[in-house]
Amino acid sequence: MIQKVFFYVIMNASENHGKGVDFMEEKSIYGEHLPRMLQIKGEIEEYIQKLRAEIKEEQGMDPIEHCLARIKSDSSMREKCQRRGFAVTTESALTEIKDAIGFRIVCAFVNDVYFVRDYLVQSGLLKVVEEKDYIKKAKPNGYRSYHMIMETKDGYFVEFQIRTISMDTWAALEHHLKYKKGVIANEQLIVSELKRCADELASTDVSMQTIKDMIFTK
């Protein structure tokens, strides 16, 4: 645990380097909750690894391509609290903003997204607080993913974003557009092309799922 906290401190110090912030004098917005948050992150990571191993042994395929986990950095959390109109406090970070602990789970096929979702719900580790299915009902800009807010037994919130490889690739590119500073030439054209690509990728995901089902149907 000490090593994990030390790693977190180093990462945040790196993020704030050159921003006029003396990190060593600034208390973490998570306060005394940080060690427990890191523990929760580790416990869920361990569960997901066991899940992958069990399913691969049973079915011969790992439903998860990769899984990324993080504790939202201090600077990002403070900015989000301000942007959402909340006080920049530990309480806001842990109760109003519900993605301090976050997981992005990337799967090869659409059905795997729902398969992983069901396993998380049935795990007994967490209870569902909120779910948003942006796969069946995409955002207007074309964004697709399955979002789920879950809560631990001791009251910490965890966000899960579960998506296919193509959805993840698209989201990464859209993120660059959304947060790129300065004026972007042909921005409207880029937005339009991203929407078109999102729809084409969604169609490809469906086709790939169909082909997989045909291959593995006995």
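Mentor: A disulfide is a pair of cysteine sulfur atoms within 2.5 Å, and that cut-off is the one to apply to this predicted model.

Trainee: How many disulfides does a search of the whole structure find?
Mentor: Two sulfur atoms must lie within 2.5 Å of each other to count as a disulfide. For C107, the nearest cysteine sulfur is that of C67, at 9.4 Å, and C107 is in no disulfide. Across the whole structure, the number of disulfides found is 0.

Trainee: Is C107 buried or exposed?
Mentor: A residue is called buried when its relative accessible area is under 20%. The relative accessible area of C107 is 0%, and therefore C107 is buried.

Trainee: Which pattern does the protein follow along the sequence?
Mentor: The protein has 7 helices and 5 strands, and the pattern is read along the sequence. Written in that way, the pattern is α-α-β-α-α-β-α-β-β-β-α-α.

Trainee: In what order do the strands form the open sheet?
Mentor: The edge strands, each of which pairs on one side only, are β1 and β3 (126-133). β1 pairs with β2 in the antiparallel sense over 7 bridges, β2 pairs with β5 in the parallel sense over 7 bridges, and β3 pairs with β4 in the antiparallel sense, also over 7 bridges. The pairing of the sheet is thus mixed, and the order of its 5 strands is β1-β2-β5-β4-β3.

Trainee: Which residue of β5 stands opposite I101?
Mentor: β2 and β5 pair in the parallel sense, whereas H66 stands opposite V106 of β2 in the antiparallel pairing of β1 and β2. On the β5 side, the residue opposite I101 is V158.

Trainee: Why is β2 described as largely enclosed by the rest of the structure?
Mentor: The test for a buried residue is a relative accessible area under 20%. β2 is largely enclosed because the number of its 7 residues that are buried is 6.

Trainee: Which helix gives the most to the largest nonpolar core?
Mentor: This core has 38 residues, of which Y30, I105, L120, F160 and I162 touch the most other members. Elements that each supply at least two of its residues include α2 (34-59), α5 (110-122), β2 (101-107) and β5 (157-164). With 9 residues, the helix that gives the most is α2.

Trainee: How many residues are in the second, separate core?
Mentor: In soluble globular proteins, nonpolar side chains tend to be buried together. The second core, which is separate, includes Y134, W170, L177 and L194, and its number of residues is 8.

Trainee: Which residues of α5 (110-122) is I105 in contact with, leaving aside its neighbours within four places in sequence?
Mentor: I105 is among the residues that touch the most other members of the largest nonpolar core. Its contacts include I48, I64, H66, C67, F160 and I162. Within the range of α5, 110-122, the residues in contact with I105 are V116 and L120.

Trainee: At about what angle does α2 run to β1?
Mentor: α2 lies across β1, β2, β3, β4 and β5. The angle is taken between N-to-C directions, and for α2 and β1 it is about 175°.

Trainee: What percentage of the residues in the protein are buried?
Mentor: The protein has 218 residues and exposes about 13,200 Å², of which carbon and sulfur atoms supply 55%. Of the residues, the buried share is 39%.

Key: Residues are numbered from 1 along each chain as its sequence is written. This is a predicted model: local features need pLDDT of at least 70, side-chain atom pairs count only at pLDDT 80 or more; totals for chains, interfaces and linings use all residues. Side-chain values use heavy atoms; hydrogens and water are left out. A nonpolar core is a set of buried Ala, Val, Leu, Ile, Met, Phe, Trp, Tyr and Cys residues joined through side-chain atoms within 4.5 Å. Buried means under 20% relative accessible area, exposed over 50%, partly exposed in between (1.4 Å probe, protein chains only). Contact means heavy atoms within 4.5 Å. Two strands pair if DSSP finds at least two bridges between them. Axes are lines fitted to C-alpha atoms, for helices over the stretch in contact, and angles run from 0 to 180 degrees between N-to-C directions. Accessible areas come from the Shrake-Rupley method with a 1.4 Å probe; for residues, only the protein chains shown count as cover.
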